[in-house]
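Visitor: I am new to this structure and would like a close look at a single part of it. Could you take me slowly through the aromatic rings and what surrounds them?

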Amino acid sequence: MASKKWNRHGTYSNFIKHLKRIHPNEYELIASSDAAYLNEEENVVSDDRTIADLGNIKYKQNQFILSITKNLIIKCGLPLNIVEHTSFRDFLKDCHLKYEPVSSKKLKGAVIPLLKNNVLGIIHEALNNIDYLTLTVDGWCDRRCRSYLGVTCHFIDSKMMPQAYLMDFLRFRSPHNGESILRLTGDVLNRFNIKEKVFKIITDNASSMINAYKFGLFTDEEDDVFDYQTHPMSNTNSSLDDCDDDIQMDNFQMMDVRYADDVEDDESLPTFRLSCFLHSLQLCVRDGMQNASYTSKVLDKCRILSKLSHKSSKIADALDQLNKSITKTNVTRWNSDYMLIKSILSIGKNDLESIVTLMENSIKFSNNDIMILQEIIDILEPFYDISIKCQSEKIVTASLVVPAIVHLMVHLRDLKEHVVFGTKLVQQLQLSIEQRFAGIVNRIKQLNIEENDPFNDSVYFIAAVLDPSFKFFWLRDLKLPANAENRLKQDVIQLILDEMNKDLKLSSTKLFDKNISSITKPRKRKIFSYDDVYGGYSNDPMVVNPVAELEAYLNDPIRFSFSEYWCRSQLIQLKKLVVHIGCVQASSAPIERVFSCAGLILSSRRTRLNETLFKDLVFLKANQALL
């Protein structure tokens, strides 16, 4: 059999191994023909129809292979050996009579690596054209207890649209400490040559992550690349207290933007790492649920019922007749308890009693238990909605943090007087928010902000104000006294102006290095043109007025989405700051989505998947929009 002339299509791994071991010459012939075939594919992966004739059979064959790899193997997550299944090949024969079967070896050794190189090239090109980006970093362990480190990047593109890519999904070998995380992150950034462009890194609150980026990514000699700083409320010019009467308290208020000239620069080390907002929010809910004793007792009943509903056929049949289901709980996710309670309440008290009687050791839900469960839902509903909103992929999420905390503070404050059994839970949640989001709460209350306060970075307030959906609208719910509200507004405005002036200092050095051969002429005004809505703002790039730009933005009554508004905006300097600040993510949810994809790829039936192939599949799955 080995002496026969075999077609390279449809041959299996055992036969290839036999050729390689016993008949090396025949193996070289097959390998060389495979290499030639793969070289032909390189002109097809780009989908450039001008390269090959559409009527060419070879071109159509390659298009089939690419479509199978992109849509079935990568996007749908089907195993590679499906291309060698007889039924699948018969199906393709029905689609295309002259289809030549392809082996899984070809997909592993040629098509998938080629797609990966193309995606890497697109990411390299995109990152070369931006100035700022944010990373999310986290670790993950697969079914074989192999550890991996994932790194995603986030930035605002030229169309003011948020973009997110998986930069690398690499093996994370022991020791799993901060030094190893920092070293691997540095290797990834050096490979893309973007170390100086990183603005912030978002991680969870694990001690190894905190230690990894405690001092940033740079050595002492490189620290001067970033001079990002925060100004506590106490550093704001006291003369701002006199501005209270300049701000009208109506829907379309005219903001009097003032700039303090005597603010001292803070030369302290910048806050490089930011905590995951969702993780901190989850810890808040966990604190509240653990410290409110009555909730734990009712929750135990709900968990027992949930466990039995997935083991007892009697309870499962009863739920099926009611067209209801009880969700499972997950120890690592607080909102699984929320969904569990919601599913139990949706059954109704009478039907719930009939289901409980089917249990061997019956439990009883009293009227007070039902009221407690309902109050828990009312209290935690905003927490759940915020968690879902901040995990979105297509919006800027950093701007949601401050309005979300304000909403929770107001929600708990207003609900406290209307609950009967949930008073303790409300109090614990309020206390936990004040502790875990001390930087935001203290800035709102205009108290001194300590260096170790969680979420003390001013980027959250700047991002909220620079989002047209929020601006200062979130302040209304706090119902602060007029003087206190005006001082808080001016403090945040001062933070924005400080950041704009930093960018101006960097750009002015480049601007004045150029030789100006002639004096810039004043811009001609069109007859009967009254479109100068920006007051003292000029479109001349040589004339930059941060105060005028910010004042024009805050007084603009138009409320578009983030990308739509800033894509149309002509506020040049403020737009640069938006690109800078808007890339910050509220949470590490993007990298968690990558890990979810990895878990689906390395299923219980694919635990022997090659490590390199596994990493390539995860990389392409996470970046499938670039295929």
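Guide: What follows is a walk through the aromatic rings, after a short look at the whole chain.

Please keep in mind that this is a predicted model. The protein chain has 23 helices and five strands, and of its 627 residues 47% count as buried. Among the contacts in the chain with a separation of 6 or more, 71% are between residues 24 or more positions apart.

Turning to the rings, a search of the whole structure finds 19 aromatic pairs. One of them is formed by Trp-140 and Tyr-148, whose rings lie 6.1 Å centre to centre with 40° between the planes, and this pair is tilted. The cut-offs help here: planes under 30 degrees apart count as stacked and those over 60 as edge-to-face, so an angle between these limits is called tilted. Trp-140 is buried, with a relative accessible area of 18%, and since buried means under 20%, this value falls within the limit. Tyr-148 is also buried, and its relative accessible area is 0%.

A second pair to compare is that of Phe-437 and Phe-455, which is tilted because the ring centres are 4.8 Å apart and the planes stand at 40°. Phe-437 lies in the loop between helix H15 (423–436) and helix H16 (438–444), while Phe-455 lies in the loop between H16 and helix H17 (459–465), so the pair ties together parts that are 18 residues apart in sequence. Both Phe-437 and Phe-455 are buried.

Returning to Trp-140 and Tyr-148, these two residues belong to one aromatic cluster, which they form with Phe-169, Phe-595 and Phe-614. Tyr-148 has a charged neighbour as well, for the charged end of Arg-171 sits over the ring of Tyr-148, at 5.9 Å from its centre. Elsewhere in the chain there is another arginine placed over a ring: Arg-568 lies over the face of Phe-560, 4.7 Å from the ring centre.

To gather the picture, the ring of Tyr-148 pairs with that of Trp-140, Tyr-148 shares a cluster with Phe-169, Phe-595 and Phe-614 among its members, and the charged end of Arg-171 sits over the ring of Tyr-148. The pair of Phe-437 and Phe-455, for its part, links two loops, one on either side of H16.

Methods:
Residues numbered from 1 in each chain as written. Predicted model: local features only at pLDDT ≥ 70, side-chain atom pairs only at ≥ 80, totals over all residues. Heavy atoms only, no water. Phe/Tyr/Trp six-rings, centres within 6.5 Å; stacked < 30°, edge-to-face > 60°. Buried < 20%, exposed > 50% of the residue type's maximum accessible area, 1.4 Å probe, protein only. Helix = DSSP H or I, 4+ residues; strand = E, 2+ residues; numbered from the N terminus. Lys NZ or Arg CZ within 6 Å of the ring centre and 35° of its normal. Contact = heavy atoms within 4.5 Å.
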